[in-house]
Amino acid sequence: MAGFSESVLSKKLDDLNASQQSIQTLSLWLIHHRKHHVSIVKTWIKEIQKADESRCLTLMYLANDVIQNSKKKGPEYGKEFGGVLKNAFEMMGQKKCSEKTMKSITRILNIWEERGVYDKRQIAEFKNALEPPEKETPQPRKKMRKSETSDDKKNSKSGRDWAKAEKEIEVEGMKELHVTLSPRTPPGDPPEPEDLIKALIDLENSASSDAVVREKIASLPPEVSEVNLLAKIEDKLAAERLAVQVNEAVTLLTDYNTRLVNEMEERKKVASLLRDFIVAQRELLEQAEHRLEEYRDKLQKVCLVRQEIKSHLQNLPDLTALPDVTGGLAPLPSAGDLFKIH
């Protein structure tokens with residue numbers, strides 16, 4: 001892993017993507033170089049300022065991972081990020097983020113509050129910065145359904161929306177225990193294209209595509225699977241040989257069946273990912289078609305205005321010349337001619 005410098009940090013932030021692996025890798029590197037926490041956090045807030053909605057969410061996931069995993073080694077990151085997070089949430093609030101992004105950010109804030117990462121006063125400031133209260137006549141609050149409340153509590157307690165796994169990773173020659181705390185994609189949300197592509201590539205090496213094992217199973221002698229052929233055994237040596245073949249066949253088939261079961265589960269997950277991805281793409285397609293139709297109308301109106309301007313220009317008189325007394329055309333007098341004293 002490279003040593004710390006601002007240019008290396010900028011390069012790593014440019015390469016950062018929304019995948020858990022990318023966030024975890026950069027988080028480990030930042031924690032390892034925590035003595036540069038002031039410069040790192042200053043660069044992070046600059047990235048938030050110029051980032052779009054999706055990029056802001058990824059940077060928030062990174063901050064969350066760094067803040068929580070660095071607590072055992074020192075409070076530097078927690079304090080430094082605490083001084084800029086309100087400003088960061090204000091920037092995100094000004095970007096008019098989508099409902100999905102706002103829910104993801106709110107989940108991070110709720111987790112921080114539950115785990116005591118920041119106190120309730122700070123969390124309230126962050127939430128107000130993200131969604132400032134509107135100055136309107138207060139509307140009566142809708143009563144939340146009991147099922148919704150219980151589901152939210154269950155999700156929060158069970159951590160269904162949050163991945164938590166310990167992993168020992170080597171960082172610049174030193175082994176460190178890293179706890180993955182970044183939020184998972186909640187059920188129903190479309191997957192990132194990179195994650196979907198990786199899942200599809202993994203299926204290419206699935207059990208049903210393993211021609212070698214399938215050929216081994218097809219070449220098993222019929223005696224291992226047909227009971228009526230046991231009568232043909234003539235001596236103990238033949239029976240022992242058959243027993244060895246049967247045991248090998250059992251092991252082979254058991255392992256292959258386990259792989260097939262795992263493949264079925266993976267295919268179900270991929271099917272679910274594809275379904276969510278297709279739904280999201282259809283929504284984006286509808287939005288794009290609507291936007292295209294809207295701008296086609298605007299283009300048509302602009303073209304009509306351009307045509308009208310051309311028509312008017314052709315009908316306007318030519319003012320570059322004036323008629324003289326003889327009926328011919330004479331050039332316009334200059335300013336000097338107009339003010340010349342006769």
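# Report on a predicted single-chain model

Lys268 is exposed, with 52% of relative accessible area. A value above 50% counts as exposed, so this residue is placed in that class. The structure in which Lys268 is found is a predicted model, and this report moves from that residue to its helix, then to the chain and its core.

Lys268 forms a salt bridge with Glu265, with 3.9 Å between N and O. Both residues belong to helix 12 and are three residues apart, so about one helical turn separates them. Glu265 is partly exposed, at 40% relative accessibility. In general, side chains of opposite charge can pair when their charged atoms come close.

A second pair in helix 12 consists of Lys298 and Glu294, whose closest N and O atoms are 3.7 Å apart. Lys298 and Glu294 are four residues apart in this helix, which again means a separation of about one helical turn. In addition, Glu47, Lys50 and Arg55 are joined into one network by salt bridges that share partners.

A further salt bridge links Arg259 to Asp210, with the closest N and O atoms 2.9 Å apart. Arg259 is part of helix 12, whereas Asp210 sits in the loop between helix 10 (193-203) and helix 11 (211-218); the pair therefore ties together parts that are 49 residues apart in sequence. Asp210 is buried, while Arg259 is partly exposed. The total for the chain is 12 salt bridges.

The table lists the relative accessible area of residues discussed in this report.

| Residue | Relative accessible area | Class |
|---|---|---|
| Asp210 | 18% | buried |
| Arg259 | 33% | partly exposed |
| Glu265 | 40% | partly exposed |
| Lys268 | 52% | exposed |
| Glu294 | 34% | partly exposed |
| Lys298 | 41% | partly exposed |
| Val305 | 48% | partly exposed |

The final entry, Val305, also lies in helix 12, which covers residues 236-315. Together with Ile309, Leu313 and Leu316, Val305 forms a nonpolar patch on the surface. The accessible area of these residues together is about 400 Å².

The chain as a whole contains 13 helices and four strands. It has 342 residues, of which 29% count as buried. Its accessible surface comes to about 24,200 Å², and carbon and sulfur atoms account for 55% of that area. Among contacts with a separation of 6 or more, 69% are between residues 24 or more positions apart.

The interior may be described through the largest nonpolar core, which has 44 residues. Within this core, the residues with the most contacts are Trp44, Met60, Phe81, Leu85, Phe89 and Trp112. The elements that give two or more residues to the core are helix 1 (6-15), helix 2 (20-32), helix 3 (37-50), helix 4 (53-69), helix 5 (76-82), helix 6 (85-94), helix 7 (99-114) and helix 8 (120-130). Helix 4 gives the most, with nine residues.

Leu85 illustrates how parts of the sequence meet. When its neighbours within four places in sequence are left aside, Leu85 is in contact with Trp44, Met60, Ile67, Trp112, Tyr118 and Phe126. Trp44, Met60 and Trp112 are also named among the core residues with the most contacts.

In summary, the largest nonpolar core draws on elements including helix 1 and helix 8, while helix 12 carries Val305 of the surface patch and the salt-bridge pair of Lys298 and Glu294.

Notes
Residues numbered from 1 in each chain as written. Predicted model: local features only at pLDDT ≥ 70, side-chain atom pairs only at ≥ 80, totals over all residues. Heavy atoms only, no water. Buried < 20%, exposed > 50% of the residue type's maximum accessible area, 1.4 Å probe, protein only. Contact = heavy atoms within 4.5 Å. Areas by Shrake-Rupley, 256 points an atom, 1.4 Å probe, with all protein chains shown as cover. Patch = residues over 30% accessible without salt bridge, like charges linked within 9 Å, V, L, I, M, F, W, Y side chains within 5 Å. Salt bridge = Lys/Arg side-chain N within 4 Å of Asp/Glu carboxyl O. Core = buried A, V, L, I, M, F, W, Y, C linked by side-chain atoms within 4.5 Å.
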